[in-house]
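Reader: I'm new to this one. Can you walk me through it?
Author: Sure. Here it is.

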Amino acid sequence: MTAQDTSAEYTLVLIKPDAYERGLTGEILRRFEVKGYRLAALSIVHATEETLARHYVEHKAKHFFAPLVEYMASGPMVAVVVEGNRVLEGVRNMIGATNPTLAAPGSIRGDFGRDWGGGPIRNVVHASDSFESAHREIAIWFPDFEH
């Protein structure tokens, strides 16, 4: 995207600890770049429970909140701001359904995710689901990012 391009959108993608541990980071990022999206910010992080509580605030009262936070804090992961035209819907299509068993082959979750049974679903990636979520989530993971 150029400075004159007013159609640029941003979304946050988290490559979760299971994907990072399995060495899938490069392949996942490659898919976004091949699609034509730009990686506008990238960081390897080991998330704190406090950061994850802010990120998943809408799930705080749900039964899966504590196991989800524990899983997401279990190891390093990669936080990425992805930029492009219609990037929110494009990335959501690329990652596939939340449940990796139901995610279409060819999607990131369909190709790399699996229901391991018990505990939180290890579906390899998170992506913002709306402009509002993207703005809020990018501010959590990249507080100095200007968009």
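Author: One term before we start: contact means heavy atoms within 4.5 Å. Also, this is a predicted model.

Reader: Okay. Which residues does leucine 14 touch, leaving out those up to four places away in sequence?
Author: Leucine 14 touches His55, Met72, Met77, Val78, Ala79, Val124, Val125, His126 and Trp141.

Reader: Which residues have the most contacts inside the largest nonpolar core?
Author: They are Leu14, Leu52, Met72, Met77, Trp141 and Phe142. That core has 22 residues.

Reader: Which elements each supply at least two of its residues?
Author: Three strands do: E1 (8-15), E2 (38-45) and E3 (77-85). Helices H3 (49-55), H4 (65-72) and H7 (131-141) do too. H4 gives the largest share, 5 residues.

Reader: What does the second core include?
Author: Val13, Ile28, Val82 and Val124 are among its residues. That core is separate and has 20 residues.

Reader: New topic. How many aromatic pairs are there?
Author: The structure holds 1. Tyrosine 10 and phenylalanine 145 have ring centres 5.3 Å apart. Their planes sit at 75°, so the pair is edge-to-face.

Reader: Where do those two lie?
Author: Tyrosine 10 is in strand E1, and phenylalanine 145 is in the segment after H7. The pair therefore ties together parts 135 residues apart in sequence.

Reader: Now charges. How many salt bridges?
Author: The count comes to 7. One joins arginine 31 to glutamate 27, with the closest N and O atoms 3.1 Å apart. Both residues lie in helix H2 (residues 25-35), 4 residues apart, or about one turn of the helix.

Reader: Is arginine 31 buried or exposed?
Author: Arginine 31 counts as buried, at 17% relative accessibility. The cut-off for buried is under 20%. Glutamate 27 is partly exposed, at 27%.

Reader: Which residues are linked with those two in a network of salt bridges?
Author: Arg30 and Asp111 join Glu27 and Arg31 in that network.

Reader: And what does arginine 136 pair with?
Author: Glutamate 58 meets arginine 136 in a salt bridge, 3.4 Å from N to O. Glutamate 58 lies in the loop between H3 and H4 and arginine 136 in helix H7, so the pair ties together parts 78 residues apart in sequence. Arginine 136 also meets glutamate 137, at 3.9 Å from N to O.

Reader: How buried or exposed are these three?
Author: Glutamate 58 is partly exposed, with a relative accessible area of 45%. Arginine 136 is partly exposed too, at 28%. Glutamate 137 is buried, at 2%.

Conventions. Residues numbered from 1 in each chain as written. Predicted model: local features only at pLDDT ≥ 70, side-chain atom pairs only at ≥ 80, totals over all residues. Heavy atoms only, no water. Core = buried A, V, L, I, M, F, W, Y, C linked by side-chain atoms within 4.5 Å. Buried < 20%, exposed > 50% of the residue type's maximum accessible area, 1.4 Å probe, protein only. Phe/Tyr/Trp six-rings, centres within 6.5 Å; stacked < 30°, edge-to-face > 60°. Salt bridge = Lys/Arg side-chain N within 4 Å of Asp/Glu carboxyl O.
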